[in-house]
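Q: Could you take me through how to read helix packing, nonpolar cores and backbone angles in a model?

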Amino acid sequence: MKRFIIFLTLITITTLNVMAQKKIVQTAGRTQLGEFAPEFARLNDDILFGEVWSRNDLLSLRDRSLVTLTSLISQGITDSSLTYHLQEAKKNGITRTEISEIITHIAFYAGWPKAWAAFRQAKEVWKEDTSVEDAKSCFQQEMIFPIGEPNNAYAQYFKGNSYLARISGEQVPIANVTFEPGCRNNWHIHHATKGGGQMLIGVAGRGWYQEWGKPAQEILPGTVIHIPAGVKHWHGAAADSWFAHLAFEIKGENASNEWLEPVSDEEYEKVNGQ
């Protein structure tokens, strides 16, 4: 019975290993060197990328990519082979944040110039993969107020994604509103029969404020915008920058907020081009 259990265990382990393997098929060698150097092409396609990289049940494809990149960058190899392995590393799950940290770590052991050269190629491979979370984390470091949570309650009145963090709910209600690049709210009006309105203070990044019929005003950190009750306006981020401002609700009698039409792309592009 004991031998039978051991036998089943071995069969299970073997099965799991086979199932975990992903066979890698490479044809670059034969495509580029098949007639000129057929044996090299065979070794490249069948042995290096075939047998070796297919042993991913022993070392994952992600880890093999990491080891390969470290070796190439350390030797100062920055030709098309590095580009290929950077692309494979991305496919194998290495993120933009991770490759940045990997190359930075390699720099201390392999040399700063080699890291600079590798970064130029890595930026190209991950140029369309800058995650919102990465960008948001970087922007958070620019300001002392929190970005907060997705502004879901008012999402229907915004073009793009915004975030809201309540700073104070007593005396003067204050919120930190963060806009992703290109995000802006609809035209709107703060109504009140007496007092009311809103005040904005730029916190980080670059944004815009515009009143109906007037040129837009740029908002930078420290810029103060006073918005009287009854004035139609919008505010949001510049097209190429994250942006955050503190929003102060000015107390007033019979205060309300009226949301109107979205700021058209044409209106927004005109503001960003002024």
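The dialogue below turns from the overall make-up to helix packing, cores and loops.

Q: What kind of model is this, and how many helices and strands does the protein chain have?
A: This is a predicted model, in which local features need pLDDT of at least 70 and side-chain atom pairs count only at pLDDT 80 or more, whereas totals for chains, interfaces and linings use all residues. Residues are numbered from 1 along each chain as its sequence is written, and side-chain values use heavy atoms, with hydrogens and water left out. Helices (H or I, at least four residues) and strands (E, at least two) are DSSP runs numbered from the N terminus, and the protein chain has nine helices and 15 strands. Buried residues (under 20% relative accessible area, with exposed over 50% and partly exposed in between, 1.4 Å probe, protein chains only) make up 36% of its 274 residues.

Q: How is the crossing of H4 and H6 described?
A: Axes are lines fitted to C-alpha atoms, for helices over the stretch in contact, and angles run from 0 to 180 degrees between N-to-C directions. The axes of H4 (residues 61–74) and H6 (residues 96–110) come within 10 Å and cross at roughly 40 degrees. That makes H4 oblique to H6, since angles under 35 degrees count as roughly parallel, over 145 as roughly antiparallel, 65 to 115 as roughly perpendicular and the rest as oblique.

Q: Which residues make the contact between H4 and H6?
A: With contact meaning heavy atoms within 4.5 Å, H4 contributes Arg 62, Leu 66, Leu 69, Thr 70, Ile 73 and Ser 74, and H6 contributes Glu 98, Ile 99, Ile 102, Ile 103, Ile 106 and Ala 110.

Q: Where does the largest nonpolar core draw its residues from?
A: A nonpolar core is a set of buried Ala, Val, Leu, Ile, Met, Phe, Trp, Tyr and Cys residues joined through side-chain atoms within 4.5 Å. The largest has 18 residues, and those with the most contacts inside it are Leu 82, Leu 86, Ile 99, Ile 103 and Trp 126. H4, H5 (80–91), H6 and H7 (112–125) each supply at least two residues of this core, the largest share, six residues, coming from H6. A second, separate core of 13 residues includes Phe 179, Ile 225, Ile 227 and Ala 247.

Q: What is the phi of Gln 171, and is this residue buried or exposed?
A: Gln 171 has phi near 55 degrees, a positive value in a residue other than glycine. Gln 171 lies in the loop between S3 (162–168) and S4 (174–179), and is exposed, with a relative accessible area of 73%.
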